[in-house]
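Me: I have a chain to go through with you. Let us take it in short turns, from overall fold to single residues.

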Amino acid sequence: MGSLGVEFISPNENLELKFDSSALPPFKLSEIRAAIPKHCWIKNPWKSLSYVLRDVVIVFTLVTMAIYFDNWKFWPIYWILQGTMFWAIFVLGHDCGHGSFSDSALLNSVVGHILHSFILVPYHGWRISHKTHHQNHGNVEADESWVPMPEKLYKELDYATKLLRFKIPFPLIAYPLYLMRRSPGKKGSHFNPYSDLFQENERKFIVTSTLCWTLMVALLFYLSTVVGFLQLLKLYGIPYMIFVMWLDSVTYLHHHGHEEKLPWYRGKEWSYLRGGLTTVDRDYGVFNNIHHDIGTHVIHHLFPQIPHYHLVEATKAAKPVFGKYYREPKKSGAIPFHLVENLVKSMKKDHYVSDNGDIVYYQTDPKLFNDSGKKEE
């Protein structure tokens, strides 16, 4: 293996060069930071608020249209559009959680609570666990979001749990359960201030967020008595599930499903830089602008304080430093149908990692979706 991550291989006696993405990068985090224009780090609260205004206006316009038309030809269109807008709302609250929305902690907290409570996400509970994810990205032992299971833990799971984790559509509607119970092998809840997720000095934040979440649930219950359960299901419930599917799909594809097998790390082999370089940028076609360029994910993971409206420019500036460590996303058409294939393939083959070694790759359980595998479990 070359010192710059180039491995020599010779299938069919032809000498080829294969890039090894697990090799130590020949650059430092500071070099990437220096390549990004200074204005990309500036947070404009008015610009951030303008995106909030845009998304909120669209959400309520869609509600008005749905109530006005109220027919089964329009409802499916409404569900897809509104579920997508709920996802866009989440991304703006996500920016508040990272502090990339503004330099004001108060503004970030107020806006974040309003946006995330509206879509039934406990803002501080999510913010703190998501911070853990960023601080430990690519780390098998400490990552929080879509982290691979060690082989021993995987084999201890019953068949039903494996099915829910890997058989589409179940993983795409898992987010509410994750908020309640986290992932297999992890304990705690995003709603419980005494959860393992949180430090003692963070408990008061969790109480606040859980209270806001509870108030939103109470509001939805009240609305169901006013407009009827079925109408509320059509206006809010189904779009909420579309939002959950967006969230689970996008966050999964940020760390899985690339054509090249990507490394995960343990112990001394892990570093913040190496872990961040395992994330994947995605092109979502017309949705890039709608969901605030969340697919421009590598730079975001390394520098989450950069506002979303600067991520594309920052990524372009950093590419010369990244070199082959940056994986150019496949160009999408208007609708990113190609990502469905990436998602399905990854769910079928990315099941667990070895219990041994500090650089590991996903392995496949060939019995998982076979009838015989079910009996053996």
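Me: Among contacts between residues at least 6 apart in sequence, what percentage join residues at least 24 apart?
Reply: This is a predicted model. Take the contacts in the chain between residues at least 6 apart in sequence. The share that joins residues at least 24 apart is 70%.

Me: How many helices and how many strands does the chain have?
Reply: Both kinds of element are present in the chain. The count is 16 helices and 4 strands.

Me: What radius of gyration does the chain have, set against a compact globule?
Reply: The chain has 377 residues, so a compact globule would come out near 21 Å. The C-alpha trace spans about 70 × 60 × 50 Å along its principal axes. The radius of gyration of the chain agrees with the globule value, at 22 Å.

Me: What percentage of the exposed area do carbon and sulfur atoms supply?
Reply: Of the 377 residues, 51% count as buried. The chain still exposes about 18600 Å². Carbon and sulfur atoms supply 63% of that area.

Me: How far apart are the centres of the positive and negative side chains?
Reply: There are 39 positive and 35 negative side chains. Take the centre of each set. The two centres lie apart by 3 Å.

Me: Which helix supplies the largest share of the largest nonpolar core?
Reply: That core has 53 residues, and Tyr78, Trp87 and Phe90 are among those with the most contacts inside it. Several helices each supply at least two residues, including H2 (45-69), H3 (75-98) and H10 (229-253). The largest share is 12 residues, and it comes from H3.

Me: Which residues does Phe90 touch, not counting those up to four places away in sequence?
Reply: Phe90 is one of the residues with the most contacts inside the largest core. Tyr175 and Phe243 are also on that list, and Phe90 touches both. The full set for Phe90 is His116, Ile119, Val121, Trp126, Tyr175, Phe243 and Leu247.

Me: How many residues does the second, separate core have?
Reply: This core includes Ile36, Ile306, Ala314 and Tyr326. Its residue count is 19.

Me: Is His94 buried or exposed?
Reply: His94 lies in helix H3. Leaving aside neighbours within four places in sequence, His94 is in contact with His116, Trp126, His130, Ile294 and His300. Buried means under 20% relative accessible area. His94 has 4%, so it counts as buried.

Me: Which residues does the cis peptide bond join?
Reply: Look in the loop between helix H7 (159-166) and H8, where Pro169 has its place. Omega is about 15° at the cis bond. The bond joins Ile168 and Pro169.

Me: Asp70 and Asp293 each have a positive phi. Where does Asp293 stand, buried or partly exposed?
Reply: Asp70 has phi of about 40° and is found in the loop between H2 and H3. Asp70 is partly exposed, at 41% relative accessible area. Asp293 has phi of about 55° and its place is in the loop between helix H12 (287-290) and helix H13 (297-302). With a relative accessible area of 19%, under the 20% limit, Asp293 is buried.

Me: How far apart in space are Leu29 and Leu49?
Reply: Leu29 lies in helix H1 and is partly exposed, at 24%. Leu29 touches Tyr272, Leu273, Leu302 and Phe303, leaving out residues up to four places away in sequence. Leu29 and Leu49 are 20 residues apart in sequence. Their C-alpha to C-alpha distance is 30 Å.

Note on methods
Residues are numbered from 1 along each chain as its sequence is written. This is a predicted model: local features need pLDDT of at least 70, side-chain atom pairs count only at pLDDT 80 or more; totals for chains, interfaces and linings use all residues. Side-chain values use heavy atoms; hydrogens and water are left out. The radius of gyration is taken over C-alpha atoms; the globule rule is 2.2 Å times the number of residues to the power 0.38. Buried means under 20% relative accessible area, exposed over 50%, partly exposed in between (1.4 Å probe, protein chains only). Contact means heavy atoms within 4.5 Å. Accessible areas come from the Shrake-Rupley method with a 1.4 Å probe; for residues, only the protein chains shown count as cover. Lys and Arg count as positive and Asp and Glu as negative; His and the chain ends are not counted. The place of a charge is taken as NZ of Lys, CZ of Arg, CG of Asp or CD of Glu. A nonpolar core is a set of buried Ala, Val, Leu, Ile, Met, Phe, Trp, Tyr and Cys residues joined through side-chain atoms within 4.5 Å.
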